[in-house]
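Student: I have a chain to go through before I get back to the bench. Can you walk me through it?

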Amino acid sequence: MTSAKKLRRRNLKAYTAPLLLFTLYYLYCNLSQLQLRSASVRDAKISGGESALRSLDNLTKTTQPLNQPLLSPNRLIWNSRGCQEWSHPNVLLSPNGESTVRTSMTPIKSPSPTGIAVTLAKQMPKASKTMLNLLCQKLPTQQAYFFEPQNIDLLLLIDMGDNVTYTQVADCLELVPFPSDVNHVRTWTNLDGTNLTTYEYRTKKRGRSRVYLAPFVMPYPQYIQNDSAKASERMEGCDRGAFAQDYVQGTRYYTDSVLNLAILKNYDYFLKVDLDIEFDKSNILGMDLLHDMEMRGALFGHTGEFLPSGLAACCGKINNFVHNFVENGTKPWAAAVNWTRACSAGLDCFEMEADQYYTNFVILSVPFFQSEHVRQFGREMNEYYPGFFRYGWSDQIFFHKAMGLFLGPDFRSYVADYTDFRCKKFRTCWYFWASAVKTNGTGLNFCSGGGIFQHGKTLNFFGAFDGQFPNVTAIQTDRPYKSRYIHDCDII
């Protein structure tokens with residue numbers, strides 16, 4: 001071998017060895033990062049620490065595939081008009097639900113967004129339908145056929161009256177303390193300075209999702225604490241029945257108190273799934289619902305919209321309050337972001353005094369609904385007199401008004417329609433007076449067309465719960481879900 005060849009071989013070896021070491025190191029780093037992402041999802045959820053979640057947020061939202069541009073985290077920002085919008089809108093939604101995905105900004109497959117359902121288990125005014133009975137009949141279907149497959153945690157707030165105990169609730173739901181009887185108790189300091197003590201459990205059957213039990217305490221507004229007679233004033237333009245106070249207190253919780261829960265800081269979304277909703281074992285949702293919300297850039301997801309003109313029965317004088325909120329009072333955050341008017345002002349569904357969405361099953365963005373401005377709107381709405389207890393307001397008037405104040409020019413661009421998932425009596429009419437009913441004890445109406453749940457006080461609508469948790473895990477899809485529901489109650 002000539003000296004020249006020997007020299008080239010030595011040079012090649014000298015070059016190849018570092019290149020090989022660099023390649024191995026690069027692969028190791030990327031494999032470690034992938035493992036770290038997976039571990040971070042698990043550990044952040046287990047630890048519940050805000051620092052862990054902040055670290056996870058940076059990791060999951062900035063990691064990109066090779067040879068693709070690095071994108072900054074998508075977050076809500078204030079634009080020059082004093083309204084909020086996405087910093088990098090990856091999905092553009094029109095009000096009718098049509099979506100256009102900007103492929104250059106399509107989010108990568110990543111750990112799914114995290115979510116927790118916040119459910120009130122209040123004592124039932126009618127003795128024939130006790131809270132514990134309803135809870136033990138309906139909630140297992142929510143756990144087995146929705147929360148567990150979707151990997152959604154549950155915060156169950158329990159009205160502890162009539163000697164209801166955590167042991168009773170845990171026994172009927174087949175829950176076990178986690179991680180042990182000693183340290184499954186935690187006290188959270190909420191954003192409004194109140195405290196919430198939770199008791200953590202898992203289901204015996206599968207136990208992937210967490211279940212937190214906590215006492216339900218809902219104080220009256222300060223103006224009623226000062227004058228209790230204002231709670232029982234005759235309602236105007238609204239009939240909430242003999243138990244109006246109880247109804248208003250329960251729905252009012254989701255317009256103020258829930259927005260201050262510190263436990264929500266550990267999640268991307270929270271859900272309101274009423275206790276009287278029952279899920280169908282034969283129609284388990286296979287799509288990762290929270291991933292779909294994220295793909296759509298949705299801040300609110302609903303399963304029923306009051307079309308075409310809203311439901312105006314219990315919304316009296318709501319616009320008086322909204323106008324008062326915009327024009328008066330101190331708002332420490334407003335000047336810095338140039339907010340001076342409702343961002344969806346002039347939009348018919350925002351301006352009319354009517355409920356827009358049926359809210360017994362909704363999904364909400366934690367960052368938006370826990371923002372300082374939305375919490376102030378909810379806090380002042382609860383202290384506005386006369387309001388909830390005079391006109392029968394509920395959370396159904398709150399959510400779209402809150403969005404319309406700060407999202408524009410059409411807040412519906414941030415709303416996802418999942419009406420398909422509701423079982424209903426008529427294919428084109430979902431209204432609460434047209435809920436799915438049994439026909440001769442067998443017919444389930446339009447559940448087979450995509451319906452996964454039924455709303456109503458009827459127990460065992462889909463048959464008695466068999467105690468089994470199917471081994472089903474929802475999967476991420478590549479395209480946002482497009483609702484097939486067309487609303488037309490005139491044909492009935």
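Tutor: We can take the overall make-up and then some local features, bearing in mind that this is a predicted model.

Student: How many helices and strands does the chain come to?

Tutor: The secondary structure comes to 14 helices and 16 strands. The chain has 492 residues, and buried residues make up 50% of them.

Student: What about the surface, how much of that belongs to carbon and sulfur atoms?

Tutor: The accessible surface is about 22,900 Å², and 53% of it belongs to carbon and sulfur atoms.

Student: And what share of the contacts is between residues 24 or more positions apart?

Tutor: Such pairs account for 78% of the contacts in the chain that have a separation of 6 or more.

Student: Let's go local. Where is Tyr269 found?

Tutor: Tyr269 is in strand 11, which runs over residues 269-273.

Student: Why does Tyr269 count as buried?

Tutor: Tyr269 has a relative accessibility of 7%, so it falls under the 20% cut-off for buried.

Student: Which residues is Tyr269 in contact with, leaving aside neighbours within four places in sequence?

Tutor: The list includes Pro113, Thr114, Gly115 and Ile116, then Leu290, Met293, Glu294 and Ala298. Ile363, Leu364, Ser365 and Val366 are also in contact with Tyr269. As for Leu364, its C-alpha atom is 5.5 Å from that of Tyr269, with the two positions 95 residues apart along the chain.

Student: What does the polar part of the Tyr269 side chain lie 3.4 Å from?

Tutor: The backbone nitrogen of Glu294 is 3.4 Å from a polar atom of that Tyr269 side chain.

Student: Moving on to helix 7. Is helix 7 mostly covered or mostly uncovered?

Tutor: Helix 7 is mostly covered, with seven of its eight residues buried. Those buried residues are Leu289, Leu290, His291, Asp292, Met293, Met295 and Arg296.

Student: What caps the N-terminal end of helix 7?

Tutor: Asp288 does, with a side-chain oxygen 3.3 Å from the backbone nitrogen of Leu290. The Asp288 side chain also reaches the backbone nitrogen of His291, at 3.1 Å. Asp288 itself is in the loop between strand 12 (277-279) and helix 7 (289-296).

Student: Which side chain of opposite charge is nearest to Asp288?

Tutor: Arg208 is, at 8.5 Å. Asp288 is buried and has no salt bridge; the cut-off for a salt bridge is 4 Å.

Student: What else is Asp288 in contact with, away from its sequence neighbours?

Tutor: Beyond four places in sequence, Asp288 is in contact with Ser112, Gln150, Ala474, Ile475 and Gln476.

Student: And what comes just after helix 7?

Tutor: Gly297, which takes a positive phi of about 65 degrees.

Student: Back to aspartates. Where is Asp256?

Tutor: Asp256 is in the loop between helix 6 (244-252) and strand 11. Asp256 is buried and has no salt bridge, and Arg252, its nearest side chain of opposite charge, is 5.3 Å away. Not counting residues up to four places away in sequence, Asp256 touches Gly378, Arg379 and Asn382.

Student: New topic, helix 3. Where is the kink in helix 3 centred?

Tutor: The kink is centred on Gln143 and is about 40 degrees, in a helix that covers residues 131-150. Of the 20 residues in helix 3, 17 are buried.

Student: What about Asn151, just after helix 3?

Tutor: Asn151 has a positive phi of about 55 degrees although it is not a glycine. Asn151 lies in the loop between helix 3 and strand 6 (153-158). With a relative accessibility of 30%, Asn151 counts as partly exposed.

Student: And what is phi for Lys317?

Tutor: Phi of Lys317 is near 65 degrees, a positive value in a residue other than glycine. Lys317 is in the loop between strand 13 (300-302) and helix 8 (318-327). Lys317 is partly exposed, at a relative accessible area of 42%.

Student: Last thing, the cis bonds. Which residue does a cis peptide bond join to Pro386?

Tutor: Tyr385 is joined to Pro386 that way, with omega about -5 degrees. Pro386 lies in the loop between helix 12 (372-382) and helix 13 (388-391). A cis peptide bond also joins Gly408 and Pro409, where omega is about 5 degrees. Pro409 is in the loop between helix 14 (395-406) and strand 15 (415-417).

Definitions and conventions
Residues numbered from 1 in each chain as written. Predicted model: local features only at pLDDT ≥ 70, side-chain atom pairs only at ≥ 80, totals over all residues. Heavy atoms only, no water. Helix = DSSP H or I, 4+ residues; strand = E, 2+ residues; numbered from the N terminus. Buried < 20%, exposed > 50% of the residue type's maximum accessible area, 1.4 Å probe, protein only. Contact = heavy atoms within 4.5 Å. Polar contact = N/O pair within 3.5 Å; in protein donor to acceptor, adjacent residues only side chain to side chain. Lys, Arg positive; Asp, Glu negative; His and termini not counted. Bend = angle between axes of the 7 residues up to and from the residue. Areas by Shrake-Rupley, 256 points an atom, 1.4 Å probe, with all protein chains shown as cover.
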